[in-house]
Structure formats: structure tokens, C-alpha cells
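Here are my notes for you, written as numbered points. Keep the structure open while you read and click on each residue as it comes up.

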Amino acid sequence: MSLEILSRQQAILEAANELIATISIDQRLMYINLAGRRMLGIPASLNLDLERIHVSNLHSAEVYQQLNEKILPQLITASEAWEGELEFCDLKGQAFPSHLTIIPHLNADGEVLWITGIARDLRRRKEFEAQRRLAMRVFESTIEGIMVTDGRARIQQVNSAFTEITGYQPEEVLGLTPKVLRSDHHDESFYKAMWQSIAEIDRWQGEVWNRRKDGSVYLQWLSINCVRNDLGEIENYISIIHDLSELRAKEAQIQHLAHHDVLTGLGNRHQLNERLNHAVRQAKSQQEELALLLFDLGHIQIINETFGHNWCDRLISEQSKKIRKLIGAADTLVRVGADEFALLVEDYEAIHDITQLADEIKRELQKTVTIDDKQVALSPSIGVAFFPTDGLNADTLLTSAQTALSEAKNAGRDSFRFFDHKMTDEARKLLKLEQALRSAITGEGLSLHFQPKVQLVDQQIYGVEALIRWQHPELGSLSPAVFIPLAEESGLIVEIGAWVVEEACHAMVRWRNAGLSLPRVAINLAVQQLEQEDFPSWLESVIKNHQLSLDNFELEITETGLMANELCALATLSSLQEKGFRIALDDFGTGYSSLSYLRKLPLSTLKIDQSFIRDMGCDDISLSIVQTIIQLAHNLKLDLVAEGVEQIEQARQLLAMGCQQAQGFLYYKPLPELELIKLLKSL
Ligand code: C2E
Ligand code: MG
Ligand code: MG
């Protein structure tokens with residue numbers, strides 16, 4: 001063989017991508033090409049010394065054992081090549097899979113002279129296969145349908161989600177174009193735009209209506225991407241299909257829930273707002289009228305407590321059905337609160353029709369309802385407001401209807417009221433007053449006056465009653481009779497009441513510092529204060545923080561106030577009494593004044609209401625009421641105070657009847673603090 005041929009063969013061997021090596025019979029390397037040296041990490045320094053590398057250096061012990069004990073003996077005996085997968089280890093000990101061919105070279109006697117090994121590194125292929133397996137797993141397990149087409153849009157591959165969404169098995173669509181999925185919801189221009197986008201930016205996405213195998217049409221979110229080869233030619237289109245039908249159904253359900261009341265299936269407040277806004281817009285443009293009726297079923301709270309929520313729910317549902325029967329198909333009936341419904345009537349001839357409808361509904365709702373042997377008769381109230389007279393937009397119309405409804409409720413149940421403009425003026429005034437009161441609590445406007453209470457026998461002052469005063473920035477001094485009810489209604493009374501307690505304590509500290517002996521101070525409480533769970537402990541801590549004693553105080557609560565929440569007030573009063581507070585029942589005689597009630601309450605004092613004192617001189621009934629109350633107090637061993645004593649004759653009579661204490665203009669008016677201090681000093 002010429003030298004030239006030899007060096008050409010050497011060059012070919014060196015240029016090969018696979019490992020090519022010759023191995024001596026004693027398993028040492030004789031030759032290895034460049035690819036092999038790289039694969040096995042043989043350093044250039046060993047190039048001339050290859051026989052130092054033994055085959056056992058190129059495999060793990062286990063693999064070498066297999067090679068040495070099984071493969072090589074078999075190869076030598078059979079004298080033919082062996083081919084298979086075998087793991088190599090490079091000289092750094094890094095294992096890698098390979099595809100190996102081993103060829104024995106024999107002499108004329110059939111003895112092996114040396115061996116050629118040809119190996120292909122399988123690392124990349126294995127990695128590629130692992131990646132492919134992973135991709136296939138993703139492809140099959142994703143909930144999105146996937147459809148792969150070739151460059152001419154013929155379907156090549158689909159996953160199981162595709163089958164689930166479209167109903168087509170792979171074999172039914174492979175080779176076809178995606179046209180098989182088309183519905184007739186989109187025209188050609190839609191698809192033209194889609195293809196244009198794909199041509200320009202290699203992708204498209206959007207909502208598409210397609211048809212399933214069973215003929216049903218569904219909405220999907222489709223995104224199409226193209227895959228190009230190295231030459232820039234499109235090889236595949238990959239479509240990802242997200243079925244939106246379920247999502248849309250859920251959205252519709254959420255939408256329904258957001259606009260409907262679950263119990264009655266009627267619309268809710270949200271729907272009322274929408275309909276009302278729409279109706280008002282329409283009525284404006286067509287110069288028509290609208291009627292908005294609000295109903296309150298009445299006493300639902302009591303029914304709830306008596307018969308339970310489930311029964312009450314059924315009742316509300318029954319009542320809603322009754323109303324529904326009376327109204328027109330075009331009218332909107334919605335449930336806006338626990339027992340409040342709104343009815344929007346857009347189509348009526350005259351106001352009389354609405355009056356009649358309201359009356360019919362009222363009478364229907366008043367009828368006795370029997371559910372599971374339990375009976376109730378409701379006393380509904382209805383408020384009515386009209387567009388445009390009572391409100392020019394949805395909000396004001398609704399407010400007017402609400403005002404009319406509360407007016408109807410105030411007028412006693414079982415009534416209906418049209419909106420009256422005077423009412424909003426009144427409401428507006430009250431609102432302004434409430435806002436001013438709110439800022440008075442934090443600002444300057446409030447103060448306390450103190451009205452002394454005296455022993456009738458000698459007119460000795462034994463205590464004072466703290467009475468709140470409000471200097472309104474515009475309206476001047478306002479009577480608590482005006483603003484206390486307002487504060488009670490708005491809940492401000494809790495804050496005001498707290499202010500009174502703190503202020504009374506401050507005043508007493510000032511009196512103590514001025515060296516005065518402290519009179520007992522009576523503080524008026526509203527029932528909302530008693531409803532505060534921590535009221536007794538709060539009160540005690542405020543008083544103790546000022547180093548005052550509970551004996552220095554008396555708490556007054558009116559009889560009518562107690563009646564508003566008897567149970568809660570009773571519990572709080574008991575815990576106040578346990579702490580050592582004296583409790584007086586104010587304005588006695590204006591509420592139930594029942595004996596059993598008096599027995600239950602932890603009282604120390606009764607205050608006879610001033611109306612009886614005022615009238616006892618000229619009215620025998622009042623006189624005997626006063627007599628009876630005095631007797632009652634004696635029997636129950638309660639202290640007794642007569643309120644509003646203005647005349648000496650009243651005082652004389654009271655004393656004669658056995659009343660020991662009084663409060664009234666005859667003795668002292670409520671005094672500003674400085675005047676009270678002067679008075680106390682003068683005694
Ligand atoms: P009340 O607790 O029954 O207080 C007695 C009211 O009768 C006081 O009216 C007092 O000025 C008035 N009065 C006293 N003696 C006479 C008299 O001889 N003749 C007449 N005509 N009236 C007399 P005022 O100060 O206007 O308070 C009215 C009501 O406001 C109080 O009635 C009380 O229920 C409530 N109130 C006052 N301050 C407070 C407070 O700090 N908190 C709460 N919750 N209510 C308060
Ligand atoms: Mg009082
Ligand atoms: Mg009173």
C-alpha cells in the first residue's frame with residue numbers, strides 16, 4: 001500500500017464522527033481517531049503512548065466485566081462482529097451510552113490478531129429521546145386541544161384533549177384540513193384575515209366558533225403558530241384550542257348570581273339598578289312616566305326569631321310568588337333586602353292604576369299564610385315614587401321611594417304612601433343636623449349642664465343630673481329633646497354618651513380639686529350604649545381612671561328606651577348593678593310601667609315623669625297615678641324622685657304623699673358648671 005493511500009485512509013479515519021479504535025489482543029489501545037480521543041477525553045500527551053490505556057480503563061467495572069467475560073469470548077469463538085449498546089467511561093470517569101460495533105481481525109489460522117471498535121456517542125440521542133418523551137407527555141396531558149398540520153395545512157397529529165373537545169378520533173381527521181371543524185359562524189373574510197396574520201407575523205389568536213363531530217357548535221380560543229425550517233419555509237402549523245363553552249357557562253352563571261336573588265329567583269338590587277337606569281333613560285327620551293314601588297313585608301325579624309330562618313325563607317318565597325301573579329310581564333320585580341321588594345312599572349295609563357296595583361298587592365300580602373301548620377298574617381308597607389316628578393334619575397327616584405316607604409312604616413303598618421316632597425326637605429334638614437352633630441362631638445359645640453336634685457323636706461341638694469347641651473353654630477342652643485332622638489337614630493348616641501361620661505368625670509375632678517364635696521352625679525344612658533358588650537367594664541375603667549368612686553354616680557335609663565331592647569338592657573343593667581352602680585328608671589309612667597317588669601329590673605330609684613307632676617294639680621287621674629307610683633316605690637323599697645316640680649303646691653302635695661326627693665325649676669334649673677360650682681360653694 002502506497003504511503004499516499006495510507007495517509008489518505010488515516011485522514012478519513014481522523015475525520016470520522018464516530019470513535020474508531022484498534023485494540024491489541026491484550027486489550028490495550030493501539031490506535032484511536034480524533035473523535036474517539038475527544039469522546040474519551042484522552043489528552044494529547046498520551047497520543048504516542050496509547051498502549052498505556054487498557055480497555056478496562058474505558059468502562060465501569062460492571063460493564064468491563066460484561067465485555068470481558070461475555071462479549072469478547074463470544075466474539076473470539078464465533079469470529080464475527082458484535083454490535084450493541086454499551087456504556088463507556090471517559091478518562092475522567094464520566095459515563096455515557098454508546099452504540100458499539102466490535103470487529104475481530106483474524107490471521108489465516110483463524111486466530112484473533114487485533115480488534116477494531118467503532119462507537120457512536122448516544123448522549124445527544126438519549127437526551128433528544130427523553131425530551132421527545134416529555135414533549136409527548138405534555139402534548140397528551142394538556143387540557144388544551146392541540147392540532148399539528150403540515151405546511152399545506154393537512155392534519156398530522158392531534159392530542160387526546162382535541163378528541164375530547166371536538167369528538168373526532170385522530171384517525172378520523174389525520175390527513176384532512178382543519179376545515180372539517182368549521183361552523184358557519186364566520187364568513188370567508190374572517191378566515192382571510194386569519195391567514196393574512198399568520199403570513200405576516202407567523203401567528204394568529206382569537207375566538208372561533210367551531211363545530212363538533214356531533215354537529216354542536218362551540219366557542220374556542222384558538223392560537224395558531226407556524227414552525228419554519230432553516231430555509232424559512234413553513235413546515236407545520238400548531239393550533240392550540242381552548243374550549244370556552246364551560247368558561248362561558250360559568251360566567252353566565254356568575255352573571256346570573258350577581259343579578260339574582262337565590263331564594264326567590266327574582267332579580268336583586270344590582271338588577272334593579274340596571275333596569276332602573278335603563279328605564280329612566282328610555283322614559284326621558286320618550287317623555288314617559290315610571291312608577292317605582294317598594295314593599296316591606298313587615299315584622300319579618302320577629303317571624304324569623306319565632307319560626308326560624310328556613311320557615312321564614314319559605315314565607316318570603318311564597319309572598320314573592322303572590323306578587324308575581326299580580327304584576328304584568330313587562331314589570332320588573334326584584335328582592336332588594338331581607339323582606340324588601342321593589343317593583344318597577346313602566347307601562348301604565350294613570351296614577352290610579354298604580355294605586356290600585358299597590359292596594360291589590362297589599363291586600364294579597366296581608367292574607368294569612370299557612371306553611372306546615374304555622375300561620376302568620378303580615379302587615380306590609382308600600383312606598384311609591386314616580387319619574388319624573390319624584391326623581392329625575394335612578395338614584396333620586398329610589399331615595400324618594402325609600403322615603404315614602406319609611407313614611408308608610410311610620411304611619412303604622414298596613415299602609416302605603418306616595419312620595420311627598422315635604423318629606424325630603426325634612427330628611428335633608430335632619431341629615432344636615434346629623435352632620436353638624438358629628439362634628440360637634442369632636443369639636444366644641446357640646447357641654448354639660450347640671451340640675452340639682454333636692455330633699456323635699458329641707459331642700460338640701462343631694463345630687464345633680466348631667467344634662468347635655470348643644471350650641472349649634474347656626475341654630476343656637478338646641479334642646480336634647482331635638483338632637484338626642486336624632487343621635488339615637490344615627491347611632492351617634494354611643495359616641496355622645498361616651499363624651500358625656502368623660503366630661504362628667506372631668507367636671508367632678510375639677511370640683512374635687514376646688515375642695516367641694518362631690519354630689520352624686522346622674523348620667524342619662526341610651527339603650528344603644530347598654531347594647532355595647534363591654535359597656536359596664538368600660539364605664540368602670542373610665543371612672544376609676546379619674547380616681548372617682550362608683551358611689552358618686554347614678555345611671556338613668558328611660559322606660560321607653562328599655563322597651564326597645566329589654567333583654568339586652570336587662571343583662572347590662574344587671575352587670576352594672578353587680579359592679580355597684582345605682583340605676584334609676586327615668587320618665588316612669590310613660591311606658592309599660594308593669595309590675596313584673598319592675599321586679600325584673602335591678603333598680604334603686606324611680607323618677608316619676610314630669611307630665612304627671614305637671615297635671616296632678618288639675619287632673620285627678622294624674623294625682624292618683626302619682627299616689628300609686630309613690631306607693632309602688634315604697635313597696636318595692638325603691639328611692640323616688642319627682643321630676644319637673646315647678647310649684648310649691650306640688651312640692652307640698654308630694655311630700656304629704658310620701659315622696660322624699662324632687663328635681664325641678666322650683667328649686668334649680670339645669671346650671672352651667674361654673675354656676676353649679678358657685679352654688680355648691682355657697683352651701
Ligand atoms: P330627662 O332625663 O328626663 O331630664 C329631665 C328634663 O326635664 C331635662 O330636660 C330638664 O331640663 C327638664 N326639667 C327639669 N326640671 C324641669 C321643670 O321643672 N320643668 C320643666 N318643664 N322641665 C324640667 P332636657 O335637659 O331638655 O333633657 C331632655 C331629655 O334629654 C332628658 O330627659 C334626657 O332624656 C335626654 N338627655 C339629656 N341629656 C342626655 C344625655 O347626656 N344622654 C342621653 N342619652 N339623654 C340625655
Ligand atoms: Mg334623666
Ligand atoms: Mg325624665
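**Notes on the metal sites, cores and rings**

1. Let's start with Glu-465, which is buried, since its relative accessible area is 3% and the cut-off for buried is under 20%. Do keep in mind as you go that this is a predicted model.

2. What holds the magnesium ion (ligand 2)? Its donors are Glu-465 (OE), Asn-524 (OD1), Glu-556 (OE) and Asp-586 (OD), at 2.0 to 2.2 Å. Along the sequence, these donor residues follow the spacing E-x58-N-x31-E-x29-D. Take Glu-465 and Asn-524: Glu-465 sits in strand S19 (residues 461-472) and Asn-524 in strand S21 (residues 520-525), so this pair links parts of the chain 59 residues apart. Asn-524 is partly exposed, with a relative accessible area of 28%.

3. Now hop over to the magnesium ion (ligand 3). Its protein donors are Asp-586 (OD), Asp-587 (OD), Glu-643 (OE) and Glu-643 (OE), 2.0 to 2.5 Å away from the ion. Yes, Glu-643 really is listed twice there. The sequence spacing of the donor residues reads D-D-x55-E. Asp-586 belongs to strand S23 (residues 582-588), while Glu-643 is in the loop between strand S25 (639-642) and helix H24 (648-657), and the pair links parts of the chain 57 residues apart.

4. Which residue coordinates both ions? That's Asp-586, and the magnesium ion (ligand 2) and the magnesium ion (ligand 3) are 4.2 Å apart. Asp-586 is buried, with a relative accessible area of 5%. Glu-643 is buried too, at 7%.

5. Next, the nonpolar cores. In soluble globular proteins, nonpolar side chains tend to be buried together. Here the largest nonpolar core has 85 residues, and the ones with the most contacts inside it are Trp-470, Trp-511, Ile-523, Leu-576, Leu-606, Val-626 and Leu-654. Helix H16 gives the largest share of this core, 11 residues. There is also a second, separate core of 31 residues, with Leu-315, Tyr-348, Leu-365 and Val-369 among them.

6. Pick out Leu-606 and look at what surrounds it. Once you set aside neighbours within four places in sequence, Leu-606 is in contact with Leu-585, Phe-588, Leu-598, Ile-629, Ala-633, Leu-638, Asp-639, Leu-640 and Val-641.

7. How many aromatic pairs are there? The count comes to 10 aromatic pairs. In one of them, the rings of Tyr-348 and Phe-386 have centres 6.3 Å apart and planes at 55°, so this pair is tilted. Tyr-348 lies in the loop between strand S13 (340-345) and helix H12 (351-366), and Phe-386 in strand S16 (residues 381-387), so the pair ties together parts that are 38 residues apart in sequence. Both Tyr-348 and Phe-386 are buried.

8. Compare that with Phe-450 and Trp-511, an edge-to-face pair with 5.1 Å from centre to centre and 75° between the planes. Phe-450 is in strand S18 (residues 446-455) and Trp-511 in helix H16 (residues 493-513), so the pair links distant parts of the chain, 61 residues apart. Phe-450 and Trp-511 are both buried.

9. Some rings have extra company. Phe-190, Tyr-191 and Trp-204 form one aromatic cluster, and Arg-182 lies over the face of Tyr-191, 3.5 Å from the ring centre. Elsewhere, the charged end of Lys-669 sits over the ring of Phe-665, 5.0 Å from its centre.

10. Here's a sum you can check yourself. The 18 residues of helix H11 (residues 309-326) should span 26 Å at 1.5 Å a residue, and the end C-alpha atoms are indeed 26 Å apart, so the two agree. Buried residues of H11 include Trp-311, Leu-315, Gln-319 and Lys-322.

11. Last, two single residues. Val-148, in strand S6 (residues 145-150), is buried at a relative accessible area of 11%. The C-alpha atoms of Val-148 and Tyr-237 are 5.7 Å apart, although 89 residues separate them along the chain. Glu-540 is in helix H18 (residues 535-545) and is buried, with a relative accessible area of 18%. Leaving out residues up to four places away in sequence, Glu-540 touches Leu-550 and Lys-579.

Notes: Residues numbered from 1 in each chain as written. Chains lettered and ligands numbered in written order. Predicted model: local features only at pLDDT ≥ 70, side-chain atom pairs only at ≥ 80, totals over all residues. Heavy atoms only, no water. Phe/Tyr/Trp six-rings, centres within 6.5 Å; stacked < 30°, edge-to-face > 60°. Helix = DSSP H or I, 4+ residues; strand = E, 2+ residues; numbered from the N terminus. Buried < 20%, exposed > 50% of the residue type's maximum accessible area, 1.4 Å probe, protein only. Lys NZ or Arg CZ within 6 Å of the ring centre and 35° of its normal. Core = buried A, V, L, I, M, F, W, Y, C linked by side-chain atoms within 4.5 Å. Contact = heavy atoms within 4.5 Å. Donors = N, O, S within 2.8 Å, 3.2 Å for Na, K, Ca; no water. Expected span 1.5 Å × (residues − 1).
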